[in-house]
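Colleague: I want to know what backs up the terms used for this fold. Please take me through them.

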Amino acid sequence: MYEKILVPLDETENDDVIIEHLLKLAKMHNSEIFLIRVIHLHTRDELAFETAKTEEYLKKKMDVFKKAGIHCRSLIEYGEPEHLIPEKAKELNVDLIAMATHGHNWLIDILFGSVAHKVRHTVSIPVLMIKGKRHR
């Protein structure tokens, strides 16, 4: 049912929440996992530092899936996550987008929106959202 799953990560503890859930789901469906980190940069000086840090982070997260016998790849993109996640989902022809939400309160979500909210209203495939740990 879910042959390909796109998993947006944001390098917070929320990533572990969705990864834990996906280890079970991916095994049940023999899924291929695509980890994606969309980096939104404000200056060019951040590029090298953020890219190196993200490459190392994604390698560690990929190893979790690989140790469980799940095929996993990673991608790094640069720009606005709410635009790039749906674009990559379409390009990779994924069956599911699985992401952790930040657990903001309703007022913050109404005022500012969230990447998860924007993504789920943009794509026509299922979006699995697992509530992550709340940031204070």
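**Strands, sheet and helices**

Modeller: This is a predicted model. Strand 1 (residues 4-9) and strand 4 (residues 96-101) run parallel, joined by two bridges. Within this pair, isoleucine 5 sits opposite leucine 96 of strand 4.

Colleague: What makes strand 1 and strand 4 a pair?

Modeller: Pairing takes at least two bridges. Strand 1 and strand 4 have two bridges, so they count as paired.

Colleague: How do you know that strand 2 and strand 3 pair?

Modeller: Seven bridges link strand 2 (residues 32-39) to strand 3 (residues 72-78), in the parallel sense. The cut-off is at least two, so the term applies. One of the bridge partners is arginine 73 in strand 3, matched with phenylalanine 34. From strand 2 the chain passes through helix 2 to strand 3, a right-handed β-α-β crossover.

Colleague: Which strands stand at the edges of the sheet, and why?

Modeller: The sheet is open, with five strands in the order 3-2-1-4-5 and parallel pairing. Strand 3 and strand 5 (127-131) each have a single partner strand, so one side of each lacks a neighbour in the sheet. From one strand to the next, the twist averages 25°.

Colleague: Why are helix 1 and helix 2 called roughly parallel?

Modeller: Helix 1 (residues 14-29) and helix 2 (residues 45-67) pack at about 25°, with axes 10 Å apart. Angles under 35 degrees count as roughly parallel. The two helices therefore earn the term. Their crossing is right-handed.

Colleague: Which residues meet there?

Modeller: Helix 1 brings Asp15, Asp16, Ile19, Leu22 and Leu23; helix 2 brings Tyr57, Lys61, Val64 and Phe65. By class, this contact has six nonpolar, three charged and no polar residues.

Colleague: What does 160° between helix 2 and strand 3 amount to?

Modeller: Helix 2 packs on the sheet and touches strand 1, strand 2 and strand 3. Its direction makes about 160° with that of strand 3. Angles over 145 count as roughly antiparallel, so that is the word here.

Conventions:
Residues are numbered from 1 along each chain as its sequence is written. This is a predicted model: local features need pLDDT of at least 70, side-chain atom pairs count only at pLDDT 80 or more; totals for chains, interfaces and linings use all residues. Side-chain values use heavy atoms; hydrogens and water are left out. Axes are lines fitted to C-alpha atoms, for helices over the stretch in contact, and angles run from 0 to 180 degrees between N-to-C directions. Helices (H or I, at least four residues) and strands (E, at least two) are DSSP runs, numbered from the N terminus. Angles under 35 degrees count as roughly parallel, over 145 as roughly antiparallel, 65 to 115 as roughly perpendicular and the rest as oblique. A crossing is left-handed if the near helix is turned anticlockwise from the far one by less than a right angle, and right-handed if clockwise. Contact means heavy atoms within 4.5 Å. Ala, Val, Leu, Ile, Met, Phe, Trp, Tyr, Cys and Pro count as nonpolar, Asp, Glu, Lys and Arg as charged, and the others, Gly among them, as polar. A crossover is right-handed if, with the strands pointing away from the viewer, the path from the first strand over the helix to the second runs clockwise.
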